[in-house]
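Reader: Hello! I am new to this structure and would love a close look at a single part of it. Could you pick one helix and walk me through its surroundings?

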Amino acid sequence: MVIQFKNIGIHLGTRLLGAEVRSDIIEAIKTSDLVVFDLSEVETISNSFADECFAKLTLLFSLEEVKSKTTFINATPFIKSVIANSFRERLLLADA
């Protein structure tokens, strides 16, 4: 399954929107072999959106499961760093 984030918006910024998208992602992870996050044409993503949408997946699934069942394509270096940082921060919170 491919989720086209440009259809959600090119500036992704709120926790509320991130939570809405995460609920769709959870269902996709449960029913698909691989979920592809296509971030083509997305210009910005906030830390709060990335945490809510992606990093909070680790509250339901192990990091290994998230890594094996999802992949990111067409993300800019900036967007990649925001997403990676959100996972790092979330995992630090879990260890605290």
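Author: Happy to; what follows is a tour of helix H4 and then of the parts around it. Please keep in mind that this is a predicted model.

Let us begin with the helix itself. H4 takes in residues 77–95, which makes 19 residues. From its first C-alpha to its last it reaches 27 Å, close to the 27 Å expected at 1.5 Å a residue.

Which residues of H4 are buried? They are Ile79, Val82, Ile83, Ser86, Phe87 and Arg90. Looking down the axis of H4, you would find these buried residues within an arc of 135°, so they line one face of the helix. A general point helps here: an α-helix has 3.6 residues a turn, so residues three or four places apart point the same way. On the other side of H4, Pro77, Lys80, Leu92 and Asp95 are exposed.

What lies over the buried residues of H4? The cover includes strand E4 (44–45), helix H2 (47–53), helix H3 (63–69) and strand E5 (70–73). Let us visit some of these in turn.

In helix H2 you will find Ala50. Ala50 has a relative accessible area of 0%, so it counts as buried. Leaving out residues up to four places away in sequence, Ala50 touches Ile45, Ala55, Val82, Ile83 and Ser86. Val82, Ile83 and Ser86 belong to the buried residues of H4. Towards another part of the chain, the C-alpha atoms of Ala50 and Ala94 are separated by 16 Å, with their positions 44 residues apart along the chain.

Asn47 also lies in helix H2. Is Asn47 buried, exposed or partly exposed? Its relative accessibility is 48%, so Asn47 counts as partly exposed. Not counting residues up to four places away in sequence, Asn47 touches Val82, Asn85 and Ser86. The C-alpha atoms of Asn47 and Ser86 are separated by 6.4 Å, although these residues are 39 apart along the chain.

Strand E4 spans residues 44–45, and Ile45 has a list of contacts of its own. With neighbours within four places in sequence set aside, Ile45 is in contact with Leu12, Ala50, Phe54, Phe78, Ile79, Val82 and Ile83.

These contacts lead to the nonpolar core. The largest nonpolar core has 26 residues, and those with the most contacts inside it are Phe5, Ile25, Ile45, Phe49, Phe54 and Ile83. Helix H1 (15–31), E3, H2 and H4 are the elements that give two or more residues to this core. The largest share, 5 residues, comes from H1. As a general tendency, nonpolar side chains in soluble globular proteins are buried together.

H1 makes a good companion to H4. Its 17 residues should span 24 Å at 1.5 Å a residue, and the end C-alpha atoms of H1 are 24 Å apart, which agrees. The buried residues of H1 are Gly18, Val21, Arg22, Ile25, Ile26, Ala28 and Ile29. Around the axis they cover an arc of only 165°, which puts them on the same side of H1. Turned away from that buried side is a face with the exposed residues Leu16, Asp24, Lys30 and Thr31. The buried residues of H1 are covered by elements including E1, E3, H2, H3 and E5. H2, H3 and E5 are also among the elements that cover the buried residues of H4.

E5 brings us to the sheet. An open sheet of 3 strands has the order E1-E3-E5, with parallel pairing. Strand E1 (2–4) and E5 stand at the edges with a single partner strand each, so one side of each has no neighbour in the sheet. From one strand to the next, the twist averages 20°. E1 and E3 pair in the parallel sense over 3 bridges, and the bridge partner of Val2 in E3 is Val36.

One last stop takes us back to the start of H4. Asn74 lies in the loop between E5 and H4. Asn74 has a positive phi of about 60° although it is not a glycine. In general, most residues other than glycine have a negative phi. At 48% relative accessibility, Asn74 counts as partly exposed.

Note on methods: Residues are numbered from 1 along each chain as its sequence is written. This is a predicted model: local features need pLDDT of at least 70, side-chain atom pairs count only at pLDDT 80 or more; totals for chains, interfaces and linings use all residues. Side-chain values use heavy atoms; hydrogens and water are left out. Helices (H or I, at least four residues) and strands (E, at least two) are DSSP runs, numbered from the N terminus. The expected span of a helix is 1.5 Å times one less than its number of residues. Buried means under 20% relative accessible area, exposed over 50%, partly exposed in between (1.4 Å probe, protein chains only). The arc is that of the directions from the helix axis to the C-beta atoms. Contact means heavy atoms within 4.5 Å. A nonpolar core is a set of buried Ala, Val, Leu, Ile, Met, Phe, Trp, Tyr and Cys residues joined through side-chain atoms within 4.5 Å. Two strands pair if DSSP finds at least two bridges between them. Axes are lines fitted to C-alpha atoms, for helices over the stretch in contact, and angles run from 0 to 180 degrees between N-to-C directions.
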